[in-house]
Each structure stands twice: as C-alpha cells, then as structure tokens.
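I opened my notebook to record what I looked up around the ligand and in the helix beside it in the sequence. I wanted each entry to carry its own cut-offs.

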Amino acid sequence: MHLKTLTLRGFKSFASATTLHFEPGVTCVVGPNGSGKSNVVDALAWVMGEQGAKSLRGGKMEDVIFAGTTTRPALGRAEVSLTIDNSDGALPIEYTEVTISRTLFRSGGSEYAINGQQARLLDVQELLSDSGLGREMHVIVGQGQLDAVLRATPEDRRGFIEEAAGVLKHRRRKEKAQRKLTGMQANLDRLSDLTAEVA
Ligand code: ATP
C-alpha cells in the first residue's frame, strides 16, 4: 500500500486544482517559507478524517477553504482527494486503487466519498483503521511533535504503537463488549431476584 496522488482544490493556499504524484519510497516536498508545504500535510490529515481545526493549524474548520488573495476571490468549498494503491489488499476493500475524497462547503455542509460513492466519516475511519492510518493520526508527525513523542509516558507511547499496529480498534471493541456484558449481567441478576420473589 502506498499513497499515489493527492489532489487539492480550494484547500488553504491551493485555489486551483493541484495534483501531487507520489512514488513508492521517500518523498520530499521543498519550497520557500510560506509556500504551502505544511498545507499539503494538512490536506493529507484532513482527507483521512481529521476533525480538529487546531490540528490543521486553524481556528475553525472553515479556515481550510481558500480565503482569497488580493488578486483572487475566496472560494466556496475545499476539496481534497487521496488515491491509495491497494494492490497488496492492505485496505479491506475489493479495489486495487482507493480514492477517498472530502469536501467542505462554506455554507456548512460536508461530504466524504470512497471511490466516488458517498460515504460517512465512520466508513473512512473503518477503512483506514487497520492500515495504521487511524483516527488518532499518529502517522503524521508535525513540526515540534517529535519532542512530544520522545517525552510521552510509557502508556502514551504504547497507545501510539497500538494505534499504528491497528490494535486500538480491537481494544475499543473489547471494552464496548465488556460494558454490554456487565449491563447484561445486571439484567440477569435482576431477573433472578424477580424469579425468586415470584417463586
Ligand atoms: P514554512 O516553511 O514556513 O513552514 P510552509 O511552506 O509549510 O511554510 P504553509 O504553512 O503550508 O507554508 O502555508 C502557509 C501559507 O498558506 C500562508 O501564506 C497562508 O496565508 C496560506 N493559507 C493558509 N490557509 C489559507 C486559506 N484558507 N486561504 C488562503 N491561503 C491560506
């Protein structure tokens, strides 16, 4: 599995449609200060479902929409599409290529799509969760975050590793199942009390 292309349209400083092509291996993005390198990383996090405006270096989610310049008016929507090569079947979907898209309208609406089919945020999160590209986004380490990782407690560090390994999803499911079992046991206890009363 590797990232193939990323297309930004109306996302932050990328007013016109811009497509970046990635090859397997290491990709470096170079450019002068303020030219939009971090915006590319923000777009990656955003299309994979990032919900925190602060994580995207903004005050509110609408800040990801191109805000206009002296020569170009603001746009009404931001769109990002990420195409992932899935020929090794790492993503649990019957396609060798998967395109995830996210659109946000200035009027407030928001949409996701997987291979052109409308999807929910949950579908995107479920699709990516076993690949290590989970909802906690530990695969994206921003400027200054390395320090935070190095200073993390052993518990936090274990969380990072579990998220990357896809274990966290199963841990959450186990906790949910355990809560249900506890509730069920309470119901059974009550039932047995009632039966004893009636008998
Ligand atoms: P550095 O090397 O300094 O970290 P960078 O190449 O990573 O810089 P970014 O932080 O990605 O640069 O881009 C910052 C630029 O993006 C700024 O010029 C900012 O005005 C522009 N920008 C951010 N959000 C928007 C937006 N919604 N609309 C238009 N431009 C935006």
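The entries below go from the ligand shell to single residues and then to a helix.

I noted that this is a predicted model, in which local features need pLDDT of at least 70 and side-chain atom pairs count only at pLDDT 80 or more, while totals for chains, interfaces and linings use all residues. Residues are numbered from 1 along each chain as its sequence is written.

**Ligand shell.** I looked up the 14 residues around the ligand (C-beta atom, placed from the backbone, within 6 Å of it), and among these Asn-33, Lys-37, Ser-38, Asn-39 and Ala-67 come nearest. I then sorted the shell into three nonpolar, eight polar and three charged residues, where Ala, Val, Leu, Ile, Met, Phe, Trp, Tyr, Cys and Pro count as nonpolar, Asp, Glu, Lys and Arg as charged, and the others, Gly among them, as polar.

**Two residues.** I found Asn-33 in the loop between β2 (18-21) and α1 (37-47), helices (H or I, at least four residues) and strands (E, at least two) being DSSP runs numbered from the N terminus. Asn-33 counts as exposed because it has 5 C-beta neighbours inside 10 Å, the cut-offs within 10 Å being 12 or fewer other C-beta atoms for exposed, 20 or more for buried, and partly exposed in between, with C-beta atoms placed from the backbone. Ser-38 is found in helix α1, and it counts as partly exposed because it has 16 such neighbours inside 10 Å.

**Helix α1.** I listed its buried residues as Val-40, Asp-42, Ala-43, Leu-44, Trp-46 and Val-47. After α1 comes Gly-49, whose phi is positive, near 110°.
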